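User: Please take a close look at one part of this protein for me. I would like the main sheet, what packs on it, and the charged pairs around it, then a short comparison piece from elsewhere in the chain.

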Amino acid sequence: MEKERILFVTSEAVPFIKTGGLADVAGTLPKYFDHGRYDVRVILPKYSCMKWEWKEKLEYRTHFYMPYINRDRYVGIMETVVDGVVFYFVDNEEYFSGSKPYSSDIRWDLEKFIFFSKAALSALPSIGFRPDIIHCHDWQTGLVPVFLHDSFQNNSFYWNIQSIMTIHNLRFQGIYNKKIIQEMAGLSTYYNVPDKLEAYGDANVLKGGIVYADRVTTVSNTYAEEIKTPFYGEKLDGLMRARSNALSGIVNGIDYDEFNPETDKNIAQNYNVGSVMREKVKNKTALQRELGLREDPNVMMIGMVSRLTDQKGFDLINCVMDELCQDAIQLVVLGTGEEKYENMFRHYAWKYNGKVSANIFYSDALSHRIYASCDAFLMPSLFEPCGLSQLMSLRYGTIPIVRETGGLVDTVEPYNKYANTGTGFRFANYNAHEMLGTVRYAEQVFYDNKAAWNGLVERAMKRDFSWRSSAVKYQELYDNMLGRRW
């Protein structure tokens, strides 16, 4: 049987450009598909801010001129292959020459990503790749399903190409003045109505993708249900309910080659599930020395690697930080974000010197050491479409303490002392003292029932949240859409 042809359209992808978890999905997931059955390729912008080591590997494929906002504009197509996956790059220095992939000007970002969406579709005949399914990621590609329904239907090449819209975070939607978006996209007023692109008087690019895509996915089963409610639905909950028959959730994964405690070169002592009880603690004492914490192999160390924002629950931590620091724990924080939280952690690192370590920057290598060194990992998120940090902590035998929301529900099984099951600790309400009570319950198990804690560690490390597991579920989705039976 002929291979299924899939094209990922994305604004970022590892290893080329990354600002968040979207890049991990778009760049890593394709290599885990069964390449005997699926030809999965990726197209993204050619940003000037990409590292030179990747830009020099790109080869020219073709170029053409595309009408866009009243004039013809250059579209170059570059190409490279990584881990058996073909990556295409849309080249236009006018739009992609900034120092960052995204700007603070939503109007400019809309103009460049609408250009990118149209260019990605326009390039397909030139590169000789006709996908069966175009898999779009987040608002930056939201107009791809709309274009497929609109002007591209004038060319038989695009007939019967299906589309998927994957929502990584519903909070970001690409909303702006509907007349301006209409002009940028070259769409008629037919689309500026509430059952299409219009939303509360403006145009909503992500909404367009959700309306016109054949299938809509998000990055966990629980988040797919949550966004049908007003609290999580970001004013699109009615649309999500209307499209519920086409909506599903597939949990993200992590790269088990990159995040592997047995081979990780970033950590002081490698270990696996068989040696974790002996060897993991050596990472803790090494990290204590590195960060200037009091050296004590027996103290419970709690880690956090995160953007420091309200979404991640740092207002809860701020509320009970003094109480938490009275406990027999050490706290290690890594990340940047809102100034009030950066300064909060700096203050507590000063106040509880030797007990709290505030690392207000980002370091991939240090993040690995935190996952490998800590006993527990705290994620009290207000909402969390999927979350990757809890998956990384499970991989390293570091027990997650999470709020019951989104992907955290789907990936962290709560500890049950009677059945001796579970891989972490969960609390339900967005409440600081409920969080503190759950942390203290974890402390109690850690200090008073070491056998139960060790069981949690072993079960955590045995769970499979690799991209291979996610890829199987996406393959099932593609097969279902195309009516394939392998």
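**Salt bridges and sheets**

Analyst: The count comes to 29 salt bridges in this predicted model. One of them joins Asp479 to Arg37, with 3.3 Å between the closest N and O atoms. The two residues are 442 apart in the chain. Asp479 sits in helix 18, while Arg37 belongs to the loop between helix 1 (21-28) and strand 2. Asp479 is buried, because its relative accessibility is 11% and the cut-off is 20%. Arg37, at 23%, counts as partly exposed.

Helix 18 leads to the main sheet. This helix covers residues 467-482 and lies across strand 1 (4-9), strand 2 (38-45), strand 6 (133-137), strand 7 and strand 11. Its direction makes about 145 degrees with strand 7.

The sheet itself is open and has 9 strands. Their order is 3-4-5-2-1-6-7-11-12, and the pairing is mixed. Why do strand 3 and strand 12 each have one side without a neighbour in the sheet? Strand 3 (59-68) and strand 12 (247-249) stand at the edges, so each has a single partner strand. From one strand to the next, the twist averages 25 degrees.

Take the strand 12 edge. Strand 11, residues 215-218, pairs with strand 12 in the parallel sense. The pairing rests on 3 bridges. Thr218 has Gly249 of strand 12 as its bridge partner. Helix 7 (residues 205-212) also packs on the sheet. Helix 7 touches strand 7 (162-167) and strand 11, and its direction is at about 135 degrees to that of strand 7.

Back to the charged pairs. Arg73 and Glu94 meet through their side chains in a salt bridge, at 3.2 Å from N to O. Arg73 lies in strand 4 (residues 71-82) and Glu94 in helix 3 (residues 93-96), so this pair ties together parts 21 residues apart in sequence. Arg73 is buried at 6% relative accessibility. Glu94 is partly exposed, with a relative accessible area of 38%.

Two further cases round out the charges. Glu2, Arg5 and Asp132 are linked in a network of salt bridges. Arg289 forms a salt bridge with Glu295, where the closest N and O atoms are 3.2 Å apart. Glu295 is partly exposed, at 46% relative accessibility.

Now the comparison piece: strand 17. This strand spans residues 399-403, and 5 of the 5 are buried, so strand 17 is largely enclosed by the rest of the structure. In a regular strand, side chains alternate between the two faces of the sheet. Here, Ile399, Ile401 and Arg403 point one way. Pro400 and Val402 point the other way. Arg403 is among the buried residues.

Strand 17 has parallel pairings with strand 16 and with strand 18. Strand 16 (residues 376-379) is joined to strand 17 by 4 bridges. Leu378 has Ile401 as its bridge partner there. Between these two strands the chain passes through helix 14 (residues 389-395), in a right-handed β-α-β crossover. Strand 18 (residues 425-427) pairs with strand 17 over 3 bridges. Val402 stands opposite Arg426 of strand 18. Helix 15 (residues 406-411) completes a right-handed β-α-β unit with strand 17 and strand 18.

Methods: Residues numbered from 1 in each chain as written. Predicted model: local features only at pLDDT ≥ 70, side-chain atom pairs only at ≥ 80, totals over all residues. Heavy atoms only, no water. Pairing = 2+ DSSP bridges. Axes fitted to C-alpha atoms, helices over the stretch in contact; angles between N-to-C directions. Contact = heavy atoms within 4.5 Å. Salt bridge = Lys/Arg side-chain N within 4 Å of Asp/Glu carboxyl O. Buried < 20%, exposed > 50% of the residue type's maximum accessible area, 1.4 Å probe, protein only. Right-handed = clockwise from strand over helix to strand, strands pointing away.
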